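Thanks for making time this morning. I would like to walk you through one structure, going slowly for those who have not seen it before.

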Amino acid sequence: WYQRRVRGISRHFVFDEEAPLSHLNSHPDTNHLVSTTTQRFSESLHLSVNETSLACYRIEEHIQKTIPHLKSIGEQIKSVEDKVEGAGYDVDYTTEFLETVDVIPELQDIQGWLKNALINAGKIKDLHEKKLPPS
């Protein structure tokens with residue numbers, strides 16, 4: 001009736017609906033092949049029936065493995081975000097301060113004093129170099 005491939009010693013078996021069952025039992029490997037085929041079919045059927053629950057289990061397993069890692073990454077991102085936000089505030093405050101430096105007269109006086117101090121430091125250095133003999 002139809003031909004089918006079966007794993008075992010013989011590769012091809014012809015199953016005929018009209019053939020008596022005693023004909024199939026006369027083959028030496030028939031019981032083994034029927035048992036193996038029935039077992040594989042049963043396993044396949046069992047997997048097909050339980051496929052959705054197995055898929056849900058695998059999804060849950062994956063989630064349980066990845067959530068702690070994702071949580072730690074989220075905490076690291078939050079930490080970096082806080083540092084970046086703090087640096088942004090520092091830049092804003094510094095920019096605001098530098099824009100007001102020219103308006104504060106005391107700071108202009110300090111700037112003049114620093115210029116004078118640098119000029120005097122250069123003069124002192126030149127005097128020391130002139131007094132010291134070359135080595």
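**A walk along helix H3**

I will begin with a single residue, Lys 78, which has a relative accessible area of 46% and therefore counts as partly exposed. Please keep in mind throughout that what you see is a predicted model.

Lys 78 has a partner, since its side chain and that of Asp 82 meet in a salt bridge, with 3.5 Å from N to O. Asp 82 is likewise partly exposed, at a relative accessible area of 38%, and because the two residues are 4 apart in helix H3, about one helical turn separates them. In general terms, an α-helix has 3.6 residues a turn, so residues three or four places apart point the same way, and side chains of opposite charge can pair when their charged atoms come close. The structure holds 1 salt bridge, and this is the one you have just seen.

Let me now step back to the protein as a whole. Its secondary structure comes to 4 helices and 2 strands, and if you read along the sequence, the pattern is β-β-α-α-α-α. The protein has 135 residues, of which 4% count as buried.

Helix H3 itself covers residues 51-100. Its 50 residues reach 71 Å from the first C-alpha to the last, which is close to the 74 Å expected at 1.5 Å a residue. There is, however, a kink of about 30° in H3, which lies at Thr 66, shortly before the proline Pro 68.

What do Ile 59, Ile 63, Ile 67 and Leu 70 form on the surface? Together they make up a nonpolar patch, with about 370 Å² of accessible area between them, and Ile 59, to take one of these residues, lies in helix H3.

Finally, we come to the aromatic rings, where a search of the whole structure finds 1 pair. The rings belong to Tyr 89 and Tyr 93, and because their centres are 6.5 Å apart and their planes meet at 20°, the pair is stacked, given that planes under 30 degrees apart count as such. These two tyrosines are also 4 residues apart in H3, and so are separated by about one helical turn. Are they buried or exposed? Tyr 89 counts as partly exposed at 42% relative accessibility, whereas Tyr 93, with a relative accessible area of 56%, is exposed.

Technical notes. Residues numbered from 1 in each chain as written. Predicted model: local features only at pLDDT ≥ 70, side-chain atom pairs only at ≥ 80, totals over all residues. Heavy atoms only, no water. Phe/Tyr/Trp six-rings, centres within 6.5 Å; stacked < 30°, edge-to-face > 60°. Buried < 20%, exposed > 50% of the residue type's maximum accessible area, 1.4 Å probe, protein only. Patch = residues over 30% accessible without salt bridge, like charges linked within 9 Å, V, L, I, M, F, W, Y side chains within 5 Å. Areas by Shrake-Rupley, 256 points an atom, 1.4 Å probe, with all protein chains shown as cover. Salt bridge = Lys/Arg side-chain N within 4 Å of Asp/Glu carboxyl O. Expected span 1.5 Å × (residues − 1). Bend = angle between axes of the 7 residues up to and from the residue.
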